[in-house]
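Hi,

Here is the structure I said I would pass on. Have a look at it first, then read my notes below.

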Amino acid sequence: MGTERVWAYRVEEPHGSHGWRPHGGPSHRWRGRVTTESRNEDAKYVAALVATDLVTEWKVNGVSEQHVRVIVWAGEEGTGPEDAVFTLEIQPHVDGK
């Protein structure tokens with residue numbers, strides 16, 4: 001008891017010289033909140049949950065890996081990775097392996 005914690009997350013994709021934009025256009029699936037109940041379920045855990053869901057969707061839809069980042073904040077969503085607790089970046093294989 002008393003270990004419940006709320007995390008906000010957002011998945012972004014590169015947008016050329018404009019920096020980053022939300023992944024998947026207006027989709028609310030890649031932006032939201034997760035409530036965890038254990039001290040072991042930290043920001044890295046939340047990023048792994050989101051990344052697993054994302055990669056599973058890519059496989060189901062036959063989409064190759066994409067360049068994205070999963071940003072996780074404690075409590076409310078922040079501005080970007082600079083105020084995040086954890087950021088996970090997924091980059092496709094550039095060498096084809």
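Let's start with a puzzle: which residues does Arg69 touch, not counting residues up to four places away in sequence? Keep that in mind while we go through the whole chain; one thing to know before you start is that this is a predicted model.

**The chain as a whole**

If you trace the chain, you should find one helix and five strands. They come in the order β-β-β-α-β-β along the sequence. The radius of gyration is 14 Å, and the globule rule gives 13 Å for 97 residues, so the chain is as compact as a globular protein of that length. Along the principal axes, the C-alpha atoms fill a box of roughly 45 × 30 × 25 Å.

Of the 97 residues, 29% are buried. The accessible surface is about 6400 Å², and carbon and sulfur atoms make up 50% of that. Now take the contacts with a separation of 6 or more: 61% of them are between residues 24 or more positions apart.

I looked at the charges too. There are 11 positive and 15 negative ones, and their mean positions lie 1 Å apart.

**Back to Arg69**

You'll find Arg69 in strand S4, which covers residues 68–74. Is Arg69 buried or exposed? Its relative accessibility is 13%, and buried means under 20%, so Arg69 counts as buried.

As for the puzzle, Arg69 touches Arg10, Val11, Glu12, Trp20, Pro81, Thr87, Leu88 and Glu89. Zoom in on Glu12 in that list: its side chain and that of Arg69 are joined by a polar contact of 2.7 Å. You can also try a distance yourself: His15 is 54 residues from Arg69 along the chain, and their C-alpha atoms are separated by 12 Å.

**And Phe86**

Phe86 sits in strand S5, residues 86–90. With a relative accessible area of 23%, Phe86 is partly exposed. Leaving aside neighbours within four places in sequence, the contacts of Phe86 are Ala43, Lys44, Ala47, Val70, Ile71 and Val72. Three of those names, Val70, Ile71 and Val72, are worth picking out in the viewer, as they fall within residues 68–74 of strand S4.

One more pair to click on is Phe86 and Tyr45: they are 41 residues apart along the chain, with 9.9 Å between their C-alpha atoms.

Have fun exploring!

Conventions
Residues are numbered from 1 along each chain as its sequence is written. This is a predicted model: local features need pLDDT of at least 70, side-chain atom pairs count only at pLDDT 80 or more; totals for chains, interfaces and linings use all residues. Side-chain values use heavy atoms; hydrogens and water are left out. Helices (H or I, at least four residues) and strands (E, at least two) are DSSP runs, numbered from the N terminus. The radius of gyration is taken over C-alpha atoms; the globule rule is 2.2 Å times the number of residues to the power 0.38. Buried means under 20% relative accessible area, exposed over 50%, partly exposed in between (1.4 Å probe, protein chains only). Contact means heavy atoms within 4.5 Å. Accessible areas come from the Shrake-Rupley method with a 1.4 Å probe; for residues, only the protein chains shown count as cover. Lys and Arg count as positive and Asp and Glu as negative; His and the chain ends are not counted. The place of a charge is taken as NZ of Lys, CZ of Arg, CG of Asp or CD of Glu. A polar contact is a pair of N or O atoms within 3.5 Å; within protein, one must be able to donate a hydrogen and the other to accept it, and residues adjacent in sequence count only if both atoms are side-chain atoms.
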